[in-house]
Number of protein chains: 2
Amino acid sequence: MAPRLVSSDELIDRLTMLFRRVGYEAASLVEIAAATGLQKSSIYHRFPGGKEQMAQEVAEASGRRFSEHVLAPLRSNAPVDERIGAVARNLDLFYEAGARSCLLDTMSLGDPGAGTTEALAAAASAWIRAFATVAREAGATSTVALARAQEAVAGIEGALVLARVTGDKRPFARALKRLPEILLGH
Amino acid sequence: MAPRLVSSDELIDRLTMLFRRVGYEAASLVEIAAATGLQKSSIYHRFPGGKEQMAQEVAEASGRRFSEHVLAPLRSNAPVDERIGAVARNLDLFYEAGARSCLLDTMSLGDPGAGTTEALAAAASAWIRAFATVAREAGATSTVALARAQEAVAGIEGALVLARVTGDKRPFARALKRLPEILLGH
DNA sequence: GTCTATACGACGATAGAC
DNA sequence: GTCTATCGTCGTATAGAC
């Protein structure tokens, strides 16, 4: 049994980077091999289900990590605005100040398979739910909290699209800055 | 000279629909032929530059039409809030209440060629500029007006991403409803 | 578990008849 | 201008040695 040249975590990491950058369809196996440092057939040994399985595992892992790391401060017992500030800083790192696209966007085009589509939907819902919980703590009804959470997430996703298309990352910075106002009410 | 089975405008229309739905990379020539009702080689007669030329012409035409039709009410001399309301209704039709994705998003992944990328950037800038002009009319400085315009466009683009991923189109409706507040100041 | 080599279908694109 | 037929390449995926 030859030693693993690339750990499972690192493999997912590098695939995640690739899918975020070019999306699902444009990520060819040649690029996947180059990005991971493995040969095509070695990758199939890790993902017998091929590209669809890679996409699904990336989507699932990314949703998990986003929840565990980026959104983690929301579950602390610091003051609400401090928690939101911490999440904003995490988001700035996660999206590299707007330079990196979001998997929810880039992997939801083409035909990445049902499993991936479900994983993306689940990740989006979890994010929105986490934001909505904070809004509720600030006194909003569950309906209003959901709307505020969706507005906040949409603002971030849209700013990332703008950054990719126009190169201007300032809207992303402002979307993060507005986060407290949006979630806590204007 | 055989008669044109599909007019040039209709050809662009159908290609636009396809690219909005699946993006650039996932739009294969087989799908393009099916969507347009022409054979692959007939399409090459119209677009000798192949898929890249199709993408570029679609991006350019879409930017033009968006400016001429969707954003047109902004250039009338009705009261500002009425103009914005008219644009919101146009946007609702253009994006079919959130059911259709935006070309700025779906065609900015993969490698659609330099011409397409430039056309998308130009279209995004024109949209933002049009919104910013309205904000300036409402008394905002040019810096603030730009920020408001970008916030408004990002809100719409993000809501479209959310709609595609989660299936929930309500954030899009709310993004349109917020349009006056955002552009005219809170 | 990784590699080289290869199968083979789908892809973008072209040739040439009508 | 449209079609049928076809080209070469690149795509995903496998086989089998080490």
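Okay, let's start with a bit of vocabulary: Ala, Val, Leu, Ile, Met, Phe, Trp, Tyr, Cys and Pro count as nonpolar, Asp, Glu, Lys and Arg as charged, and the others, Gly among them, as polar. What we have here is a predicted model, where local features need pLDDT of at least 70, side-chain atom pairs count only at pLDDT 80 or more, and totals for chains, interfaces and linings use all residues. Residues are numbered from 1 along each chain as its sequence is written, chains are lettered from A and ligands numbered from 1 in the order in which they are written, and side-chain values use heavy atoms, with hydrogens and water left out.

First up, the DNA. By those classes, the surface near DNA strand C has nine nonpolar, seven polar and four charged residues, where "near" means that a heavy atom of the residue lies within 4 Å of the strand. Ala2(A), Ser41(A), His45(A), Leu29(B) and Tyr44(B) come nearest, out of 20 residues around strand C. Seen from the DNA, sugar and phosphate make up 61% of the strand C atoms that come within 4 Å of the protein.

So which residue has a polar backbone atom 2.5 Å from a phosphate oxygen of strand C? That's Leu29(B). Side chains join in too: an N or O atom of Ser42(A) is 3.0 Å from a phosphate oxygen, and for Lys51(B) the distance is also 3.0 Å. As for helices (DSSP runs of H or I, at least four residues, numbered from the N terminus), H3(A) gives the largest share of this surface, four residues.

Now, the two protein chains. Lay chain B on chain A by a turn of 180° and a shift of 0.0 Å along the axis, and you get an RMSD of 0.0 Å, superposing by least squares on C-alpha atoms of residues with pLDDT of at least 70 in both. The two copies are thus related as by a two-fold rotation axis. Within chain B, Gly158(B) comes closest to that axis, its C-alpha being 1.8 Å away.

How much area do the chains bury between them? About 2,700 Å², with 68% of it on carbon and sulfur atoms; that's accessible area (1.4 Å probe) lost on being put together, summed over both. There are four salt bridges between chain B and chain A, meaning a side-chain nitrogen of Lys or Arg within 4 Å of a carboxyl oxygen of Asp or Glu. One of them pairs Arg178(B) with Glu151(A), closest N and O atoms 3.5 Å apart. On chain B's side, H8(B) gives the most, with 15 residues.

Methods:
A polar contact is a pair of N or O atoms within 3.5 Å; within protein, one must be able to donate a hydrogen and the other to accept it, and residues adjacent in sequence count only if both atoms are side-chain atoms. Helices (H or I, at least four residues) and strands (E, at least two) are DSSP runs, numbered from the N terminus. Buried area is the accessible area (1.4 Å probe) that two parts lose on being put together, summed over both.
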